[in-house]
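User: Hello! I am new to this structure and would like to get to know it through a few questions. Could you walk me through them?

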Amino acid sequence: MAETIEKIERLDKKRAEKQHGHKEILRTSVTLKVLRGNRATGDRTQYDLFEVPVQRSTTVLDALLYAKQYQDHSIGIRYSCRMASCGSCGMKINGIPRLACYTKVSELEGGVITVEPLANFPHIRDLVTDFEQFFAHHKDMQPYIHNDDSDMNTKQVNEMSEFMQSPEDVDKFLQFSYCIKCGLCYSACPTVAMDTKFPGPQALTQAYRYFIDNRDNAAKERLDLVDDRHGVFRCHFAGSCSHVCPKGVDPALGIQLLRGHLLGFSSNEKKKADLKDRSKQQ
C-alpha cells in the first residue's frame, strides 16, 4: 500500500509540475468563451463570451457559476461537490479534458478561456453531456465482487464475516479504485472516438481492478468480458487517458496489466482471501 501511495504522490507532483511549470498568471478578470447549444431543439452551436472578475484562487467552475448567476442564467452546466470528488464538472478547458473545479484560472495561459463539452459523449445542452453509454460500459464490467463463499444472509446477523486481506493484496487494486467516473479519460481516448462499442479506459480499468482483487473468484468470466474484437485489444495505448486523469488512476497501466493476463505474460497468482467469521470475536 505504501508503494501505491508513493506512486500516486509522484504522479500528483509530476502533474503539478506540468501545470505550474510556468509562473501563475494573476489577473483581475478573464474572458470565458463558452460553447452554447441545445441538441434537443436543434439549435446550432455557437460561442458566447463572458467577462468575469477573478482572483488568484478562482477556479474555472467559479468563473462559470459567476457568469451563470450574474450574466446569463441559462448557461447549462453540471456540477456538485466542487472539490474534485464527484467528477460532475468534467469539460474541455482550452481543448483539454479537465475538472472545472480542479482547474484554477491562474494556471491557464491567455486572456480567453475556452470551455466546451466533453468529446466522445452525446451533447445535451451547452456544457452538459449524456453519460448513459459511459455508465453502461462501466456496468458491463460487473464492478462488484463475485464470491460464492461470502455470507450475505442478513437475517442471521450473528454470522457476520469478512475477507482478510494483507496490505500487499490491497496494494494491487487500490490505485485503480480511486476512479470517480468523471469521464475525462473516456473523452480523451481516440479509440472511443472511432468505436462506440469499445468499453473505454474507465471500464477496462475497473475490469482489472476487480479481476486482481483476491476477494473475487470470477477471473475467467472477467477476462471473457473484455476478450473480443471491441475489447481490451482495441486500445492503441495512446496514453491520453492517464494524462488527463485527475486522481492518478493511470487507466493505461490498468489496461496493459489486463492485457498481460490475457496474453499469458502475467499469471493470476492472487491468493484467495480468507473468510473470517466475526461473530466468534469477543
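User: Let's begin with one residue: is Arg36 buried or exposed?

Analyst: Happy to help, and please keep in mind that this is a predicted model. A residue counts as buried when its relative accessible area is under 20%. For Arg36 the relative accessibility is 9%, so Arg36 counts as buried.

User: Which residue forms a salt bridge with Arg36?

Analyst: Side chains of opposite charge can pair when their charged atoms come close. In this case the closest N and O atoms are 3.1 Å apart, and the pair links distant parts of the chain. Arg36 sits in strand β1 (residues 29–36), while its partner is in the loop between α2 (60–70) and β3 (90–93), 36 residues apart. That partner is Asp72.

User: Which residues are joined into one network with Arg36?

Analyst: The structure holds 12 salt bridges. Some of them share partners, and through these Arg36 is joined in one network. The other members are Asp48, Asp72, Arg125 and Asp126.

User: How many residues apart in sequence are the parts that Arg234 and Asp195 tie together?

Analyst: These two form a salt bridge with their closest N and O atoms 3.2 Å apart. Asp195 is buried, at a relative accessible area of 7%, whereas Arg234, at 25%, counts as partly exposed. Arg234 lies in the loop between α8 (219–226) and α9 (240–244), and Asp195 in the loop between α6 (190–194) and α7 (201–211), so the parts they tie together are 39 residues apart.

User: Are Arg222 and Asp216 buried or exposed?

Analyst: Their side chains meet in a salt bridge, at 2.8 Å from N to O. As for accessibility, both Arg222 and Asp216 are buried.

User: Which residue's backbone oxygen does the side chain of Gln175 reach?

Analyst: Gln175 lies in the loop between α4 (167–174) and α5 (184–188). With 5% relative accessibility, Gln175 counts as buried. Its side chain reaches a backbone oxygen at 3.2 Å, and that oxygen belongs to Gly248.

User: Why is there no bond between the sulfur of Cys182 and the closest cysteine sulfur?

Analyst: A disulfide needs two cysteine sulfur atoms within 2.5 Å. Cys182 is buried, with a relative accessible area of 9%, and the closest cysteine sulfur is in Cys245. That sulfur is too far for a bond, because the distance is 6.3 Å.

User: How many disulfides does the count come to?

Analyst: Cys241 counts as buried, at 8% relative accessibility. Cys241 is in no disulfide, and its nearest cysteine sulfur, that of Cys185, is 6.3 Å away. For the structure, the count comes to zero disulfides.

User: Which element supplies the largest share of the lining of the largest cavity?

Analyst: The largest cavity has a volume of about 130 Å³. Of the 16 residues that line it, the closest to its centre are Cys179, Cys182, Cys185, Gln202 and Cys245. By class, the lining has 10 nonpolar, four polar and two charged residues. The largest share, three residues, comes from α7.

User: How many charged residues are in the lining of the second largest cavity?

Analyst: About 90 Å³ of space lies in this cavity. Among its 14 lining residues, Cys189, Cys235, Ala238, Gly239 and Cys241 lie nearest the centre, and α6, α9 and α10 (251–263) each give two or more residues to the lining. The lining has 10 nonpolar and four polar residues, and the number of charged ones is no charged residues.

Methods. Residues numbered from 1 in each chain as written. Predicted model: local features only at pLDDT ≥ 70, side-chain atom pairs only at ≥ 80, totals over all residues. Heavy atoms only, no water. Salt bridge = Lys/Arg side-chain N within 4 Å of Asp/Glu carboxyl O. Helix = DSSP H or I, 4+ residues; strand = E, 2+ residues; numbered from the N terminus. Buried < 20%, exposed > 50% of the residue type's maximum accessible area, 1.4 Å probe, protein only. Polar contact = N/O pair within 3.5 Å; in protein donor to acceptor, adjacent residues only side chain to side chain. 1 Å grid on protein atoms, 1.4 Å probe; cavity = no way out; pocket = protein on both sides within 12 Å on 5 of 7 lines; lining within 4 Å. Points joined across faces, edges and corners; volume = space filled by probe spheres on them. Nonpolar A, V, L, I, M, F, W, Y, C, P; charged D, E, K, R; others polar.
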